[in-house]
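Me: Could you take me slowly through the place where the two chains meet, with a close look at the charged side chains there? I am in my first year, so please explain each term as you go.

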Amino acid sequence: MSNRKPVEWTRLDNAAKIFPPNTNEKDTKVFRISCKLKETIDKEMLQEAQEKTMKSFPFYKSVLRKGVFWYYFETMDLQHDVVEEEKLPCSSLYRPGHRNYLFQVSYYDKKINLEVYHALTDGSGALAFLKTLLHYYIIEKHKDDFTDKKPLISYDASMSQRMDDSFSKYYTKNKRIKGIKIKKAYKIPGRRSIDNRTHIIEGTMPVQKVLDIARNHNTTLTVYLTALFMNSIYKEMPPRYKKYPIVLSIPVDLRGHFASGSARNFFATISVGYDFSDDTKDFNDLLESIKNEFKKKLNEKNLKEHLNVLAALERNAATRVIPLGLKDMVLRIANNISAKGITGSISNVGRVEVPEEMQEYIEQFSIYTSARRPQICMCSYKDVLSISMVSPFVGTDIQKNFFRTLANQGCEITISSNLPQ
Amino acid sequence: MLECEYCKVEIEGEFQSCPLCNGILSGESTVNSTFPLIPTIYQEYNKLIRIMIFISIVTSVVFVAINMIFLKIPRLSIIIIAALACMWMGLILIIRKKDNIPKTIMWLVALVTALAVIWDYSMGWMGWSINYVLPLVCTATMIIMAIAGKILKIGPKDYIVYILIDSLFGFIPIIFLAIGLLKVTFPSIICVATSAISVSALLLFQGQNTKQELNKRMHL
């Protein structure tokens, strides 16, 4: 009887705790990973593939609920269908009080979308789910091609490794909480659409060309694009705001620095900023500065410190016993304060690797996120780099500057967008 | 494929002008296979709610105006406004918490009791709020939740906590009895008795579930 079965529940990991209090209509904290295949999607097969994938990722059966002191995930068996894409991209998945899963698989034409609420997992975690989903779907759709052998699923982690809260695993108890000073950063102005929709402009281009451009500037792809994004923002900056630095927040996948097979959140953010008030400096000065900032902040020691401070905040005996309602208010205020120090964000999920046998069926991967302020998300698959510029605002000048600079250096870009046509 | 010669990019989809610079495009449009067209969503606040708010404001304003013109019972307008406020509080509660019925019931119990005490006090303290309202509301809730749970087939785990909270509320009349604050004792005695039965039934038959639910909801 279902009465006797013990209720299965999990705590939220450290990064996840920030998302529920700061979720609202303007920023749903949902991100989407899309995969474009070469044929129209079959709904029933996709539904079946989802059922099979959920057996490998039982954590996705979670519903977010409010406890007295903290949020928690409760495992529930709910009816959950794949749908044709008809809602705005990255629309709300967590509705307080409502019991539903925190992810949605949808399809449109030849494309499969996976939208996930960020409290559940981060980009890399969701990618593992999507790759498994694609695996089951492609094997079923092209059954005849796979009669002898089935490709290995590229995500090799045991159930307990997937469920691992890697923040808990790696934090060390030697950090005292010290005050953080927030320096005001430039805030990009803009007008929102009446339905708060996320405006996406995606550019796909050959990754080798961008790597060459970065090499010509003596730097890596991420550093170059970070500097380019800042420069694109700078070109639209009214002169009276030049005293405020442009600061970009950059999520870093900690799985690259600390061993973890976790399918949940395991990332930290670093901020990289530049002061544009000195008019004598040029793009190369900007590049040098960004290069140095990356080197300074993107090392294990700095990330570990960051991890420890956040974990210490969470484990502090005094903060734990504060009721959830009050915690939410405090976290919201803290988020608003720290948001004043951020202009935008740039997130590089990196190369998406897929087993060789599946590669001929997959065209491209893309990644988008809900945006409170203009952001860039990018990923690459085989020789295609997909850079999505996401903005809550209607204006497109920053995107224009960004893509034009790349195009002028010989990059062949194809633009697709969800802006009204 | 459409092309923008100013931006030097190709554009997928059926655009009238360049999405980056609004410039004129050349070439043949293609179907947008990446993003389906989703028209703007306009959200209007529920018309019924707006009409009700309007009626409430009209009633309040009219009564205050009549009061001021005729200088009759000044307290009447205050009572009307207070009654409307109570109705709105109840309504907002039901709308916001409607997804979880046991929780809604619990909040209503708390609201009704609190309002009853405030009304009683402002009317000169006749004591009817703690003599009758509190015990009867608590007892009724315990019985209703137990029956509703069985009929609606809500899993016991979902409403155990609320029955527990209500039962604990039901023990409050003991304090009033002990201090001697009550003029009429039988409703309170019935309430405490029901609470005692309720708590023991809960612990005996749903003890495991109760412990797990509390652990889950109150984890630190």
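Reply: Happy to help; we will start with the contact between the chains, then turn to charged pairs, and end inside the protein.

Please keep in mind that this is a predicted model, in which local features need pLDDT of at least 70 and side-chain atom pairs count only at pLDDT 80 or more, while totals for chains, interfaces and linings use all residues. Residues are numbered from 1 along each chain as its sequence is written, chains are lettered from A and ligands numbered from 1 in the order in which they are written, and side-chain values use heavy atoms, with hydrogens and water left out.

Let's begin with the interface. On one side, 51 residues of chain A are in contact with 40 residues of chain B, where contact means heavy atoms within 4.5 Å. The size of an interface is often given as the accessible area lost when the parts come together. Here the area buried between chain A and chain B is about 4,100 Å²; buried area is the accessible area (1.4 Å probe) that two parts lose on being put together, summed over both. Carbon and sulfur atoms give 56% of that area.

Between chain A and chain B there are also 18 residue pairs in polar contact, both residues being at pLDDT 80 or more. A polar contact is a pair of N or O atoms within 3.5 Å; within protein, one must be able to donate a hydrogen and the other to accept it, and residues adjacent in sequence count only if both atoms are side-chain atoms. Which elements give two or more residues to the side of chain A that touches chain B? They are β1 (9-11), β4 (71-75), β8 (199-206), α12 (397-408) and β15 (414-417) of chain A. The largest share, 6 residues, comes from α12(A). These helices (H or I, at least four residues) and strands (E, at least two) are DSSP runs, numbered from the N terminus.

Now for the charged side chains. A salt bridge is a side-chain nitrogen of Lys or Arg within 4 Å of a carboxyl oxygen of Asp or Glu. The structure holds 22 salt bridges over all chains, and 2 salt bridges are found across the interface of chain A and chain B. Look at K216(B) and E74(A), whose side chains meet in a salt bridge at 2.5 Å, N to O. K216(B) lies in helix α7 (residues 186-217) of chain B and E74(A) in strand β4 of chain A, so the pair joins two chains. K216(B) is buried at 0% relative accessibility, and E74(A) is buried too, at 7%. Buried means under 20% relative accessible area, exposed over 50%, and partly exposed in between (1.4 Å probe, protein chains only). Both residues belong to a network of salt bridges that links R65(A), E74(A), E213(B), K216(B) and R217(B).

Helix α12 of chain A has a charged pair of its own. D397(A) and K400(A) meet in a salt bridge at 3.8 Å, N to O. They are 3 residues apart in that helix, so about one helical turn separates them. D397(A) is partly exposed at 37%, whereas K400(A) is buried at 19%.

For a pair within chain A that spans a long stretch of sequence, try R255(A) and D122(A), in a salt bridge at 3.1 Å, N to O. R255(A) lies in the loop between β9 (246-253) and β10 (267-274), and D122(A) in the loop between β7 (111-117) and α2 (123-141), so the pair ties together parts that are 133 residues apart in sequence. R255(A) is buried at 16%, and D122(A) is buried at 4%.

Another acidic residue, D13(A), sits in the loop between β1 and β2 (30-37) of chain A and is buried at 0% relative accessibility. Its side chain reaches the backbone nitrogen of A16(A) at 3.0 Å. Leaving aside neighbours within four places in sequence, D13(A) is in contact with A119(A), D165(A), F167(A), R264(A) and N265(A).

Finally, the interior. The largest nonpolar core has 123 residues, and I112(A), L225(A), I362(A), F365(A), F402(A) and L406(A) have the most contacts inside it. Such a core is a set of buried Ala, Val, Leu, Ile, Met, Phe, Trp, Tyr and Cys residues joined through side-chain atoms within 4.5 Å.
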